[in-house]
Amino acid sequence: MKTYGFTTSILHSDRQKPIEHGSLHKPIHNSVTFAYEDARELATVFQGKQAGYRYGRQGNPTVSALEDKVTRMEAGHASICFATGMAAIGALCQALLRQGDHVVSSSFLFGNTNSLWQTVSGLGIDVSFVDATDVNQVAAALTPATRMVFVETIANPRTQIADLERIGQLCQERGILYVVDNTMTSPYLFQPKSVGASLIVNALTKSIGGHGNALGGSLTDTGLYDWSQFPGIIDTYKRNSPAQWGMTQVRAKALRDFGASLSAEAAHHLAIGSETLALRMERTCANALAVAQMLQADERVAAVHYPGLSSHPQHERATSLFRAYGSLFSFELKEGIDCFDYLNRLKLGISASNLGDNRTLVIPVAHTIFYEMGAQRRASMGIAESLIRVSIGIEDTVDLVEDFRRALDC
(Lines give C-alpha, C1' and ligand atoms only; values in the text may rest on other atoms or scores of the structure.)
Protein backbone atom coordinates (compact mmCIF):
# COMPACT_ATOMS: atom_id res chain seq x y z
CA MET A 1 0.00 0.00 0.00
CA LYS A 2 1.43 3.37 -1.06
CA THR A 3 2.43 5.78 1.71
CA TYR A 4 1.42 9.38 1.05
CA GLY A 5 2.66 12.63 2.57
CA PHE A 6 1.09 14.34 5.57
CA THR A 7 -1.42 16.59 3.79
CA THR A 8 -2.30 14.13 1.02
CA SER A 9 -3.09 11.49 3.62
CA ILE A 10 -5.40 13.81 5.58
CA LEU A 11 -7.18 15.11 2.47
CA HIS A 12 -8.05 11.63 1.23
CA SER A 13 -8.59 9.97 4.60
CA ASP A 14 -12.40 9.84 4.42
CA ARG A 15 -12.31 8.09 1.05
CA GLN A 16 -10.28 5.17 2.39
CA LYS A 17 -13.56 3.72 3.69
CA PRO A 18 -17.00 3.55 2.01
CA ILE A 19 -18.58 7.02 2.03
CA GLU A 20 -22.18 7.90 1.33
CA HIS A 21 -23.19 9.07 -2.16
CA GLY A 22 -19.63 9.72 -3.27
CA SER A 23 -19.24 12.63 -0.85
CA LEU A 24 -15.70 14.00 -0.55
CA HIS A 25 -16.21 14.63 3.18
CA LYS A 26 -17.79 12.32 5.70
CA PRO A 27 -21.35 13.69 6.14
CA ILE A 28 -22.61 14.94 9.49
CA HIS A 29 -24.47 12.14 11.27
CA ASN A 30 -26.60 13.74 13.96
CA SER A 31 -28.51 10.62 14.97
CA VAL A 32 -28.21 9.83 18.66
CA THR A 33 -28.83 6.12 18.24
CA PHE A 34 -28.26 3.42 15.65
CA ALA A 35 -30.63 0.60 14.72
CA TYR A 36 -30.01 -3.01 13.66
CA GLU A 37 -32.46 -5.21 11.77
CA ASP A 38 -31.22 -8.26 13.65
CA ALA A 39 -31.36 -7.90 17.43
CA ARG A 40 -28.57 -10.47 17.74
CA GLU A 41 -26.26 -8.16 15.79
CA LEU A 42 -27.10 -5.33 18.20
CA ALA A 43 -26.09 -7.61 21.07
CA THR A 44 -22.76 -8.56 19.47
CA VAL A 45 -21.95 -4.85 18.98
CA PHE A 46 -22.72 -4.12 22.63
CA GLN A 47 -20.56 -7.05 23.71
CA GLY A 48 -17.62 -5.79 21.65
CA LYS A 49 -17.58 -8.83 19.39
CA GLN A 50 -18.41 -6.80 16.28
CA ALA A 51 -17.61 -3.25 15.23
CA GLY A 52 -20.57 -0.90 15.13
CA TYR A 53 -22.31 2.08 16.70
CA ARG A 54 -24.42 1.80 19.84
CA TYR A 55 -25.29 5.26 21.07
CA GLY A 56 -24.08 8.76 20.22
CA ARG A 57 -22.31 9.21 23.54
CA GLN A 58 -19.69 6.64 22.49
CA GLY A 59 -19.23 7.89 18.95
CA ASN A 60 -20.79 8.10 15.51
CA PRO A 61 -19.57 7.85 11.89
CA THR A 62 -18.64 11.55 11.62
CA VAL A 63 -16.57 11.43 14.80
CA SER A 64 -15.01 8.14 13.70
CA ALA A 65 -13.85 9.76 10.46
CA LEU A 66 -12.10 12.49 12.48
CA GLU A 67 -10.55 9.86 14.75
CA ASP A 68 -9.13 8.15 11.67
CA LYS A 69 -7.58 11.44 10.53
CA VAL A 70 -5.97 12.07 13.92
CA THR A 71 -4.60 8.53 14.02
CA ARG A 72 -3.05 9.05 10.58
CA MET A 73 -1.54 12.39 11.65
CA GLU A 74 0.09 10.81 14.69
CA ALA A 75 1.07 7.53 12.97
CA GLY A 76 -0.84 5.88 15.78
CA HIS A 77 -2.78 2.69 16.50
CA ALA A 78 -6.16 4.24 17.41
CA SER A 79 -7.68 7.54 18.55
CA ILE A 80 -10.68 8.64 20.58
CA CYS A 81 -12.17 12.13 20.27
CA PHE A 82 -13.73 14.14 23.09
CA ALA A 83 -15.77 17.30 23.55
CA THR A 84 -12.67 19.36 24.46
CA GLY A 85 -8.93 19.00 24.96
CA MET A 86 -9.45 19.14 28.72
CA ALA A 87 -11.97 16.30 28.45
CA ALA A 88 -9.26 14.24 26.72
CA ILE A 89 -6.86 14.88 29.61
CA GLY A 90 -9.63 14.26 32.12
CA ALA A 91 -10.24 10.91 30.44
CA LEU A 92 -6.77 9.80 31.54
CA CYS A 93 -7.80 10.26 35.17
CA GLN A 94 -11.36 9.01 34.81
CA ALA A 95 -10.50 5.84 32.91
CA LEU A 96 -6.96 4.85 33.88
CA LEU A 97 -6.13 6.08 37.38
CA ARG A 98 -7.40 4.97 40.75
CA GLN A 99 -6.91 5.88 44.39
CA GLY A 100 -3.32 5.30 45.50
CA ASP A 101 -1.82 5.75 42.04
CA HIS A 102 0.96 8.26 41.43
CA VAL A 103 1.49 10.64 38.50
CA VAL A 104 4.63 12.59 37.63
CA SER A 105 3.76 15.74 35.72
CA SER A 106 5.79 18.54 34.25
CA SER A 107 5.45 21.65 36.40
CA PHE A 108 5.34 23.75 33.22
CA LEU A 109 1.70 23.30 32.27
CA PHE A 110 -1.31 24.92 30.71
CA GLY A 111 -3.22 26.54 33.59
CA ASN A 112 -6.32 24.35 33.27
CA THR A 113 -4.24 21.17 33.22
CA ASN A 114 -2.51 22.32 36.38
CA SER A 115 -5.94 22.91 37.95
CA LEU A 116 -7.10 19.44 36.90
CA TRP A 117 -4.11 17.78 38.55
CA GLN A 118 -4.88 19.73 41.73
CA THR A 119 -8.41 18.32 41.63
CA VAL A 120 -7.11 14.81 41.02
CA SER A 121 -4.80 15.16 44.02
CA GLY A 122 -7.87 15.69 46.20
CA LEU A 123 -9.30 12.36 45.05
CA GLY A 124 -6.51 10.21 46.44
CA ILE A 125 -4.20 10.19 43.42
CA ASP A 126 -0.74 11.55 44.23
CA VAL A 127 0.70 14.04 41.73
CA SER A 128 4.33 15.21 41.74
CA PHE A 129 5.29 18.32 39.73
CA VAL A 130 8.85 18.40 38.42
CA ASP A 131 11.03 20.34 35.99
CA ALA A 132 10.57 18.04 33.00
CA THR A 133 13.28 19.79 30.99
CA ASP A 134 15.61 17.53 33.04
CA VAL A 135 15.00 13.77 32.88
CA ASN A 136 16.87 13.32 36.16
CA GLN A 137 14.16 15.22 38.01
CA VAL A 138 11.51 12.98 36.48
CA ALA A 139 13.46 9.87 37.44
CA ALA A 140 13.92 11.08 41.02
CA ALA A 141 10.16 11.54 41.43
CA LEU A 142 9.19 8.01 40.36
CA THR A 143 7.80 5.61 42.98
CA PRO A 144 6.52 2.02 42.84
CA ALA A 145 3.01 3.50 42.52
CA THR A 146 3.84 5.70 39.50
CA ARG A 147 1.44 4.84 36.68
CA MET A 148 1.93 7.81 34.37
CA VAL A 149 4.35 10.56 33.33
CA PHE A 150 2.67 13.58 31.72
CA VAL A 151 4.43 16.33 29.76
CA GLU A 152 3.70 18.99 27.15
CA THR A 153 5.94 19.27 24.08
CA ILE A 154 6.27 23.06 24.34
CA ALA A 155 4.93 24.47 27.58
CA ASN A 156 2.19 27.05 27.44
CA PRO A 157 3.00 29.94 27.93
CA ARG A 158 6.74 30.04 28.78
CA THR A 159 7.76 27.60 26.02
CA GLN A 160 9.97 25.29 28.13
CA ILE A 161 10.63 22.04 26.25
CA ALA A 162 10.58 18.76 28.14
CA ASP A 163 13.44 16.29 27.78
CA LEU A 164 11.08 14.32 25.57
CA GLU A 165 13.39 11.67 24.19
CA ARG A 166 15.12 10.70 27.43
CA ILE A 167 11.86 10.72 29.39
CA GLY A 168 10.50 8.30 26.78
CA GLN A 169 13.46 6.01 27.30
CA LEU A 170 12.99 6.19 31.07
CA CYS A 171 9.30 5.31 30.86
CA GLN A 172 10.00 2.41 28.52
CA GLU A 173 12.61 1.00 30.90
CA ARG A 174 10.22 1.27 33.88
CA GLY A 175 7.05 0.15 32.07
CA ILE A 176 5.31 3.47 32.84
CA LEU A 177 2.61 5.05 30.68
CA TYR A 178 4.13 8.08 28.92
CA VAL A 179 1.58 10.75 27.98
CA VAL A 180 2.61 13.67 25.76
CA ASP A 181 0.38 16.67 25.08
CA ASN A 182 1.20 17.60 21.48
CA THR A 183 -1.10 20.63 21.24
CA MET A 184 1.62 23.29 21.07
CA THR A 185 3.49 21.57 18.28
CA SER A 186 0.68 19.72 16.42
CA PRO A 187 1.29 16.43 14.60
CA TYR A 188 2.71 18.33 11.64
CA LEU A 189 5.67 19.71 13.58
CA PHE A 190 6.23 16.67 15.79
CA GLN A 191 4.99 13.11 16.31
CA PRO A 192 5.49 12.08 19.97
CA LYS A 193 5.54 8.44 18.92
CA SER A 194 9.10 9.12 17.74
CA VAL A 195 10.20 9.60 21.38
CA GLY A 196 8.30 6.61 22.74
CA ALA A 197 5.02 8.23 23.82
CA SER A 198 2.31 5.78 24.87
CA LEU A 199 -0.62 8.18 24.55
CA ILE A 200 -0.80 11.53 22.76
CA VAL A 201 -3.14 14.36 23.69
CA ASN A 202 -4.25 16.95 21.14
CA ALA A 203 -6.58 19.87 21.81
CA LEU A 204 -8.23 19.77 18.39
CA THR A 205 -9.69 23.22 19.08
CA LYS A 206 -6.25 24.72 18.49
CA SER A 207 -4.03 24.29 15.44
CA ILE A 208 -5.65 21.14 14.06
CA GLY A 209 -9.07 22.81 13.75
CA GLY A 210 -7.42 26.17 13.26
CA HIS A 211 -10.46 28.36 12.74
CA GLY A 212 -11.68 28.88 16.31
CA ASN A 213 -15.15 27.55 15.44
CA ALA A 214 -15.28 24.17 17.22
CA LEU A 215 -14.13 22.65 20.50
CA GLY A 216 -12.60 19.18 20.56
CA GLY A 217 -9.85 16.98 21.93
CA SER A 218 -8.29 13.60 21.27
CA LEU A 219 -6.25 10.78 22.75
CA THR A 220 -4.14 8.66 20.42
CA ASP A 221 -2.69 5.28 21.36
CA THR A 222 0.65 4.94 19.58
CA GLY A 223 0.69 1.15 19.91
CA LEU A 224 4.05 1.25 21.73
CA TYR A 225 2.76 0.52 25.24
CA ASP A 226 2.11 -3.02 26.47
CA TRP A 227 -1.26 -2.73 28.18
CA SER A 228 -0.88 -6.18 29.71
CA GLN A 229 1.55 -4.62 32.22
CA PHE A 230 -0.78 -1.78 33.25
CA PRO A 231 -2.40 -2.66 36.61
CA GLY A 232 -5.42 -0.41 36.13
CA ILE A 233 -7.14 -2.40 33.36
CA ILE A 234 -10.46 -3.87 34.48
CA ASP A 235 -10.97 -7.57 33.73
CA THR A 236 -14.08 -6.77 31.65
CA TYR A 237 -11.89 -5.12 29.01
CA LYS A 238 -9.33 -7.90 28.74
CA ARG A 239 -11.36 -10.05 26.36
CA ASN A 240 -9.61 -8.91 23.19
CA SER A 241 -5.96 -8.41 22.26
CA PRO A 242 -3.96 -6.45 24.90
CA ALA A 243 -3.29 -3.81 22.23
CA GLN A 244 -6.97 -2.83 22.52
CA TRP A 245 -7.34 -2.87 26.30
CA GLY A 246 -6.38 0.73 27.02
CA MET A 247 -8.57 2.45 24.43
CA THR A 248 -11.48 0.08 25.09
CA GLN A 249 -11.44 1.12 28.74
CA VAL A 250 -11.04 4.81 27.90
CA ARG A 251 -14.01 4.71 25.50
CA ALA A 252 -16.17 2.95 28.08
CA LYS A 253 -15.18 4.89 31.18
CA ALA A 254 -14.58 8.37 29.75
CA LEU A 255 -17.26 8.42 27.03
CA ARG A 256 -19.97 5.95 28.05
CA ASP A 257 -19.79 6.63 31.80
CA PHE A 258 -18.57 10.24 31.92
CA GLY A 259 -20.16 11.50 28.71
CA ALA A 260 -17.46 13.87 27.42
CA SER A 261 -18.54 13.23 23.84
CA LEU A 262 -17.68 15.24 20.73
CA SER A 263 -20.65 16.32 18.64
CA ALA A 264 -20.89 15.33 15.00
CA GLU A 265 -21.09 18.95 13.84
CA ALA A 266 -17.95 19.92 15.78
CA ALA A 267 -16.16 16.84 14.42
CA HIS A 268 -17.03 17.93 10.87
CA HIS A 269 -15.64 21.45 11.43
CA LEU A 270 -12.44 20.06 12.95
CA ALA A 271 -11.97 17.52 10.15
CA ILE A 272 -12.29 20.22 7.47
CA GLY A 273 -9.90 22.48 9.35
CA SER A 274 -7.31 19.74 9.69
CA GLU A 275 -6.89 19.53 5.92
CA THR A 276 -4.86 22.77 5.86
CA LEU A 277 -2.88 22.15 9.07
CA ALA A 278 0.49 21.88 7.33
CA LEU A 279 -0.06 25.00 5.22
CA ARG A 280 -1.16 27.05 8.22
CA MET A 281 1.65 25.84 10.48
CA GLU A 282 4.32 26.75 7.93
CA ARG A 283 2.95 30.31 7.75
CA THR A 284 2.36 30.78 11.49
CA CYS A 285 5.77 29.42 12.46
CA ALA A 286 7.49 31.78 10.02
CA ASN A 287 5.44 34.69 11.35
CA ALA A 288 6.20 33.81 14.97
CA LEU A 289 9.93 33.70 14.34
CA ALA A 290 9.90 37.06 12.56
CA VAL A 291 7.94 38.83 15.31
CA ALA A 292 9.95 37.18 18.10
CA GLN A 293 13.22 38.27 16.48
CA MET A 294 11.99 41.85 16.15
CA LEU A 295 10.91 41.98 19.80
CA GLN A 296 14.16 40.46 21.03
CA ALA A 297 16.13 43.16 19.24
CA ASP A 298 14.10 46.00 20.80
CA GLU A 299 15.55 47.51 23.98
CA ARG A 300 12.04 48.09 25.35
CA VAL A 301 11.47 44.34 25.65
CA ALA A 302 12.91 42.58 28.70
CA ALA A 303 12.70 38.98 27.47
CA VAL A 304 11.26 36.88 24.64
CA HIS A 305 10.51 33.19 25.16
CA TYR A 306 10.45 31.32 21.85
CA PRO A 307 12.24 28.05 20.98
CA GLY A 308 13.24 29.45 17.59
CA LEU A 309 15.61 31.97 19.19
CA SER A 310 19.16 30.79 19.83
CA SER A 311 18.91 32.33 23.31
CA HIS A 312 16.18 29.88 24.32
CA PRO A 313 17.52 27.29 26.85
CA GLN A 314 16.16 24.38 24.80
CA HIS A 315 16.77 25.80 21.32
CA GLU A 316 19.01 22.92 20.25
CA ARG A 317 16.54 20.35 21.57
CA ALA A 318 13.73 22.00 19.63
CA THR A 319 15.85 22.10 16.48
CA SER A 320 16.60 18.38 16.70
CA LEU A 321 13.01 17.31 17.47
CA PHE A 322 10.61 19.64 15.68
CA ARG A 323 10.02 20.52 12.03
CA ALA A 324 9.69 24.18 13.13
CA TYR A 325 9.37 26.04 16.43
CA GLY A 326 5.63 26.61 16.72
CA SER A 327 3.27 29.55 16.51
CA LEU A 328 3.25 30.47 20.20
CA PHE A 329 5.69 32.67 22.12
CA SER A 330 5.58 34.98 25.11
CA PHE A 331 7.47 38.13 26.04
CA GLU A 332 8.00 40.54 28.93
CA LEU A 333 8.10 44.31 28.63
CA LYS A 334 10.66 46.49 30.37
CA GLU A 335 9.58 48.05 33.67
CA GLY A 336 7.54 51.18 33.11
CA ILE A 337 5.68 49.88 30.05
CA ASP A 338 2.17 48.78 31.02
CA CYS A 339 1.23 45.46 29.38
CA PHE A 340 -2.45 46.44 29.13
CA ASP A 341 -1.65 49.71 27.40
CA TYR A 342 0.64 47.83 25.01
CA LEU A 343 -2.05 45.30 24.15
CA ASN A 344 -4.61 48.05 23.60
CA ARG A 345 -2.30 49.71 21.06
CA LEU A 346 -2.19 46.59 18.87
CA LYS A 347 -4.38 46.76 15.77
CA LEU A 348 -4.00 43.18 14.55
CA GLY A 349 -3.32 41.28 17.76
CA ILE A 350 -6.71 40.44 19.31
CA SER A 351 -7.06 40.21 23.09
CA ALA A 352 -8.55 36.72 23.45
CA SER A 353 -7.77 33.47 25.24
CA ASN A 354 -7.63 30.88 22.46
CA LEU A 355 -4.55 29.84 20.48
CA GLY A 356 -3.79 28.07 17.22
CA ASP A 357 -6.26 30.35 15.41
CA ASN A 358 -5.84 31.85 11.94
CA ARG A 359 -5.85 35.24 13.63
CA THR A 360 -3.14 36.52 15.99
CA LEU A 361 -4.36 36.36 19.60
CA VAL A 362 -2.70 38.01 22.62
CA ILE A 363 -3.37 37.81 26.35
CA PRO A 364 -1.81 39.13 29.61
CA VAL A 365 -1.08 35.78 31.25
CA ALA A 366 -0.74 36.56 34.96
CA HIS A 367 -3.95 38.55 35.04
CA THR A 368 -6.16 36.08 33.16
CA ILE A 369 -5.54 32.41 32.41
CA PHE A 370 -2.99 31.98 35.24
CA TYR A 371 -4.55 34.40 37.73
CA GLU A 372 -6.32 31.71 39.75
CA MET A 373 -3.16 29.82 40.69
CA GLY A 374 -1.67 32.76 42.60
CA ALA A 375 1.58 34.70 42.47
CA GLN A 376 3.72 32.08 44.21
CA ARG A 377 2.79 29.27 41.80
CA ARG A 378 3.21 31.61 38.83
CA ALA A 379 6.68 32.56 40.00
CA SER A 380 7.66 28.88 40.29
CA MET A 381 6.66 28.46 36.64
CA GLY A 382 8.66 31.50 35.52
CA ILE A 383 5.58 33.56 34.71
CA ALA A 384 6.29 37.26 35.19
CA GLU A 385 3.48 39.68 36.00
CA SER A 386 4.11 41.49 32.69
CA LEU A 387 4.17 38.31 30.57
CA ILE A 388 2.20 38.52 27.32
CA ARG A 389 1.34 35.32 25.44
CA VAL A 390 1.10 35.53 21.67
CA SER A 391 -0.51 32.98 19.37
CA ILE A 392 0.54 34.11 15.91
CA GLY A 393 -1.85 33.77 12.99
CA ILE A 394 -1.55 33.66 9.23
CA GLU A 395 -1.57 37.42 8.60
CA ASP A 396 1.06 38.90 6.30
CA THR A 397 4.41 38.86 8.08
CA VAL A 398 5.30 42.51 7.42
CA ASP A 399 1.95 43.65 8.86
CA LEU A 400 2.42 41.69 12.08
CA VAL A 401 6.00 42.82 12.62
CA GLU A 402 5.01 46.45 12.15
CA ASP A 403 1.96 46.11 14.43
CA PHE A 404 3.96 44.68 17.34
CA ARG A 405 6.77 47.22 16.79
CA ARG A 406 4.40 50.22 16.58
CA ALA A 407 2.66 49.23 19.83
CA LEU A 408 5.98 49.70 21.66
CA ASP A 409 5.84 53.42 20.88
CA CYS A 410 4.20 54.87 23.99
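Trainee: Which helix gives the most to the lining of the second largest pocket?

Mentor: That is α4, with 3 residues. This is a predicted model, by the way. Both α4 (85-96) and β6 (199-203) supply at least two residues of that lining.

Trainee: What makes a residue part of the lining of the second largest pocket?

Mentor: A lining residue has an atom within 4 Å of a point of the pocket. For this pocket 18 residues pass, and G85, M86, F110, A203 and K206 lie nearest its centre. Its volume is about 290 Å³.

Trainee: Why does G85 count as polar?

Mentor: Gly is counted among the polar residues, so G85 is polar here. By class, this lining has 8 nonpolar, 7 polar and 3 charged residues.

Trainee: How does the largest pocket look in numbers, and which element gives the most to its lining?

Mentor: Its volume is about 1400 Å³. The lining has 42 residues, with Q50, A51, G52, R54 and R251 nearest the centre. Helix α9 gives the most, 8 residues. In this lining, 15 residues are nonpolar, 16 polar and 11 charged.

Trainee: Now the helices. How do you know that α3 meets α10?

Mentor: Contact needs heavy atoms within 4.5 Å. T62, V63, L66, K69 and M73 in α3 meet A264, A267, H268, L270, A271 and S274 in α10, so the two helices are in contact. Of the residues in this contact, 7 are nonpolar, 3 polar and 1 charged.

Trainee: What is the angle between α3 and α10, and how far apart are their axes?

Mentor: The angle is about 35°, and the axes are 8 Å apart.

Trainee: Why is the crossing of α3 and α10 called left-handed?

Mentor: The name applies when the near helix is turned anticlockwise from the far one by less than a right angle. The crossing of α3 past α10 is left-handed, which means that the near helix is turned in that way.

Trainee: Let's finish with the sheet. What makes β8 an edge strand?

Mentor: β8 (301-305) pairs on one side only, as does the other edge strand, β10 (350-351). The open sheet has 5 strands in the order β8-β9-β12-β11-β10, with mixed pairing.

Trainee: How do you know that β8 and β9 are paired?

Mentor: Pairing needs at least two bridges; 4 bridges join β8 to β9, so they are paired. The two strands run antiparallel, and A303 stands opposite E332 in β9.

Trainee: Which helix lies across β8 and β9?

Mentor: Helix α11 (residues 277-296) does, running at about 15° to β9.

Notes
Residues are numbered from 1 along each chain as its sequence is written. This is a predicted model: local features need pLDDT of at least 70, side-chain atom pairs count only at pLDDT 80 or more; totals for chains, interfaces and linings use all residues. Side-chain values use heavy atoms; hydrogens and water are left out. Axes are lines fitted to C-alpha atoms, for helices over the stretch in contact, and angles run from 0 to 180 degrees between N-to-C directions. On a 1 Å grid over the protein atoms alone, a cavity is a set of points where a 1.4 Å probe fits but cannot get out, and a pocket is an open set with protein on both sides within 12 Å along at least five of seven lines; lining residues have an atom within 4 Å of a point. Grid points are joined across faces, edges and corners, and a volume is the space filled by probe spheres set on the points.
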